[in-house]
Amino acid sequence: MPEAPLTLPVLIRTIRSARTQAEERELVQRESAKIRGAFRGDEPDTRASNLAKLLYIHILGYPAHFGQMESLKLMASHRYHEKRIGYLGAALLLDEKQDTHLLLTNSIKNDLLHPTAWVQGLALSTLGSLGSVAMFRDLAGEVEQLARVGQPSVRRKAVVCAVHVVRKVPDLIDVFTPLGEQLLTEQNTGILHGAVMLISEMCERSPQALDRFCKFVPQLVGLLRNLVVAGYTPEHSISGISNPFLQVQILRLLRILGKDNEDASDAMNDSLAQVATNTETTRNVGNAILYETVLTIMGVRSTSGLRVLAINILGRFLLNKDRNIRYVALTSLQKLLQEENSAVQRHRSTVLECLADPDPTVKRRALQLSLALVSGSNVRTTTKELLVFLDTCAPELKSDCASGIFLAAEKFAPSKRWHIDTILQVLTMAGSYVRDDAVPNLIHLIGGAKELHGYAVQQLYKALTQDISQQPLVQVATWCIGEYGNLLLDGSCEEVEPTQVDPEEMVSILERVLQSHISLPGTRAYALTALMKLGTRLQGSDIKSRIRSLVSIYCSCHDVELQQRAVEYNALFRKYDHLRASVLEKMPLVDKTGYTEEGSEKDQNGREGAAAPRILEVAPAPSNVQQQDSGQVSDLLDLLGGPADPPPAQPSPVAPAVESFLDFLGDLKAPASAIARMVAYEQDGLLVEFSMDRPALEPTLLLITATVSNRTPDDVAGFCLQVAVPKSFQVELLAPSGSTVPGQGSTPITQLIRVLNPKKLPLRMRLRLAYTLPSGALVQQIKEINSFPEAAWK
């Protein structure tokens, strides 16, 4: 005897009592098979109950697609309870992507014309949630008619359905515009709420509708004023506030109508002030209305006093116990900071107090706003609070906080000493979380403050003796000790009480940095160079021998960079000891544009050129260079003719500070001979000029410095230069000083090209240039140069 089908309550109890997922899956599969069989047998009496069970199975996440056609059959039924299950099934099982969805139109249209309000409500609800563009175009007239006349419940649903129609098919706005005007005089609160939503949607999507409804601002203002002063109504009041949902919708509509409209804004100013001052804030409902009021005040052309009132409301939100309200207030204040900076600044102390909030999201938002509030007048007090926060905040916030303090100190520092002290505190507290450019920026800052060299090296040496775990701090400290270690020996410092340091202690702390397992290769490179520089500043053969032995240890280091430095430094001790003092002189001050104090432009290797080739960079900096695909490389070579043996020169991933230390010594002996400049490329406001030099000791080598300048006011981004020469030449293209060519009047970018011409043949060169114009257009140009002067190759 076949097992009787389960009723819906029994099915729910059975599935919920299943002990394992496998048991539940077996029950669902068995019941689904019975339902599928009943559908095939076309049993109209059990169709509704079977579909109801199938919908429950669908909610649990199991397949139920075979019930789609049964939903359509039940929608066409004359029985209300079956029609209701059919519409529910259609809402759950159908969507616009399925062909079955197209069969809904006739059933919904028939039910929209049904005399029963309940059936009309089912059709309107389903149409609003499932309607496609074609369905809305076919049924827009029926929806508009139901929204005008009929029972209030049906009219309310029809208005909400009209909102969905306007969202999906903006072309039908003209159909519903007269309806919106009529419904503004409606006394039914539900219908009026839907009408305000409908008008908002139409005004957002149609400028014509926006102009048409601007004349209804006084009427909307009157509605809002009546709601604010209205007494308690049990059916619409929440927490003592009359119809807060309608108030919010009206405020949103006023914000749309008053944007960039002076007359509309003037008409609503008094009512906005009334809402802002009379709304109760003890409950969350009142806070929601006040927040919407603030958005409306700041979104229209309101008076300055009203805008200050809105900022003060957000300031009161910061004192609320609800973390969500505090978060909303912080987010809103940050958006309004540019427009109303002075008003927001009044709440700076309250914002800083939010840094102690236990909620991490509130704390992060308070940090962002606190950093944005830093200005020249409050940089000292605000930075002090931020440093306290940096010392105790979670690791995930240290990076943002440290970067923000760096930027604020660089922009608003009242003095160089305060700037140095602030950066040192950040490096001490969160050195592992700072940006990559923190070390070179601080080195540049200290180098430019000659009067603070003694103070800086004293403070850094003291910090280095206490902790060597913060690598950026250690790198700056070792650099300063190498440059200004003699000031530690003299004990000359007017800023603080001077401390005289023993030379042996100075070498010992650098040796400790070199041997520490936590020191990065870059840190060891700084320490190794600092030792070499101290060797020229400290007196005594014992110190010199100790430094030399420490350097020689790293001649067999696994790190290639350290090994190369040690080998070159060791060669300096053995072969060029008479040049050691001049090579390891103090670094001259170099500004961020790439020019020394004397004004001579540096080449890509960090040297000043032939006039003063004595600069040796402490550590090379990697630069990311855009790589071109192999097809472009082949095309570039083919343009020069002949077999494409050598690839075109591309910028090296890492450009060393000097090509080789021994090459550097060679440059000291014989200066290069200069050749006249030539224009290589001039188009789109970009000018590429070649200045050429031939070292006297290497007559087959040509050094070309490409200078790229911009004659337009806008920056040109993504600049990339490639070079190809015939196979009888060898070419090397070093990394450029940047990939963005700044606008007119700014420092151009430079790039060094090394061309080796062993046969001294006439030089031919093919250039490929790629860059992005300010308009966003990508430009790729290829140019051949055959006009090199004879002095460049003969």
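Two rings of Phe, Tyr or Trp are counted here as an aromatic pair if their centres lie within 6.5 Å, and planes under 30 degrees apart make the pair stacked, planes over 60 degrees apart make it edge-to-face, and the rest are tilted. By this rule the count for the structure, which is a predicted model, comes to seven aromatic pairs. In one of them, the ring centres of Phe213 and Phe216 are 5.8 Å apart and the planes stand at 45 degrees, so this pair is tilted. Phe213 counts as buried, at 1% relative accessibility, and Phe216 counts as buried too, at 13%. Another pair joins Trp479 and Tyr484, whose ring centres are 5.8 Å apart with 80 degrees between the planes, an edge-to-face arrangement; both of these residues are buried. Tyr681, Phe719 and Tyr771 form one aromatic cluster.

These rings belong to a chain of 794 residues, of which buried residues make up 50%. The chain holds 34 helices and ten strands. Among contacts with a separation of 6 or more, 65% are accounted for by residues 24 or more positions apart.

The nonpolar interior can be considered next. In soluble globular proteins, nonpolar side chains tend to be buried together. In this model the largest nonpolar core has 178 residues, and those with the most contacts inside it are Ile108 and Phe176. Helix 27, which covers residues 471–490, gives the most to this core, with eleven residues. If neighbours within four places in sequence are left aside, Ile108 is in contact with Met75, Tyr87, Ala123, Thr126, Leu127, Met135 and Leu139. A second, separate core of 33 residues includes Ala680, Tyr681, Phe690 and Ala706, and Tyr681 is also a member of the aromatic cluster with Phe719 and Tyr771.

Two helices allow a check of geometry. Helix 16 has 16 residues, from 284 to 299, and at 1.5 Å a residue it should span 22 Å; its end C-alpha atoms are 22 Å apart, which agrees. Its buried residues are Val285, Gly286, Asn287, Ile289, Leu290, Glu292, Thr293, Val294, Thr296, Ile297 and Met298. An α-helix has 3.6 residues a turn, so residues three or four places apart point the same way. The cover over the buried residues of helix 16 includes strand 1 (237–238) and strand 2 (241–242), together with helix 14 (244–258), helix 15 (262–278), helix 17 (304–317) and helix 18 (323–336).

Helix 31, with 15 residues from 560 to 574, should span 21 Å by the same reckoning, and the distance between its end C-alpha atoms is 21 Å, in agreement. Leu562, Arg565, Ala566, Glu568, Tyr569, Asn570, Ala571, Leu572 and Phe573 are buried in helix 31. The N-terminal end of this helix is capped by Asp559, with a side-chain oxygen 3.2 Å from the backbone nitrogen of Glu561.

Several polar residues are also buried in the model. Gln249 lies in helix 14 and counts as buried because its relative accessible area, 14%, is under 20%. Beyond its neighbours within four places in sequence, Gln249 is in contact with His193, Val196, Met197 and Ser200. Gln345, found in helix 19 (residues 341–345), is buried with a relative accessible area of 17%, and, with neighbours within four places again left aside, Gln345 is in contact with Leu373, Ser375 and Asn378.

Ser132 is placed in the loop between helix 7 (117–130) and helix 8 (133–148), and this serine is buried, with a relative accessible area of 8%. Apart from neighbours within four places in sequence, Ser132 is in contact with Glu96 and His101. The C-alpha atom of Ser132 is separated by 8.7 Å from that of Leu102, a residue 30 places away along the chain.

The cysteines complete the account, and the structure holds zero disulfides. Why is the sulfur of Cys214 not in a bond with the closest cysteine sulfur? The closest cysteine sulfur, in Cys203, is 7.0 Å away, which is too far for a bond, since a disulfide requires two cysteine sulfur atoms within 2.5 Å. Cys214 is buried, with a relative accessible area of 17%, and Cys354 is buried as well, with a relative accessible area of 6%.

Technical notes:
Residues numbered from 1 in each chain as written. Predicted model: local features only at pLDDT ≥ 70, side-chain atom pairs only at ≥ 80, totals over all residues. Heavy atoms only, no water. Helix = DSSP H or I, 4+ residues; strand = E, 2+ residues; numbered from the N terminus. Expected span 1.5 Å × (residues − 1). Buried < 20%, exposed > 50% of the residue type's maximum accessible area, 1.4 Å probe, protein only. Contact = heavy atoms within 4.5 Å. Core = buried A, V, L, I, M, F, W, Y, C linked by side-chain atoms within 4.5 Å. Polar contact = N/O pair within 3.5 Å; in protein donor to acceptor, adjacent residues only side chain to side chain. Phe/Tyr/Trp six-rings, centres within 6.5 Å; stacked < 30°, edge-to-face > 60°.
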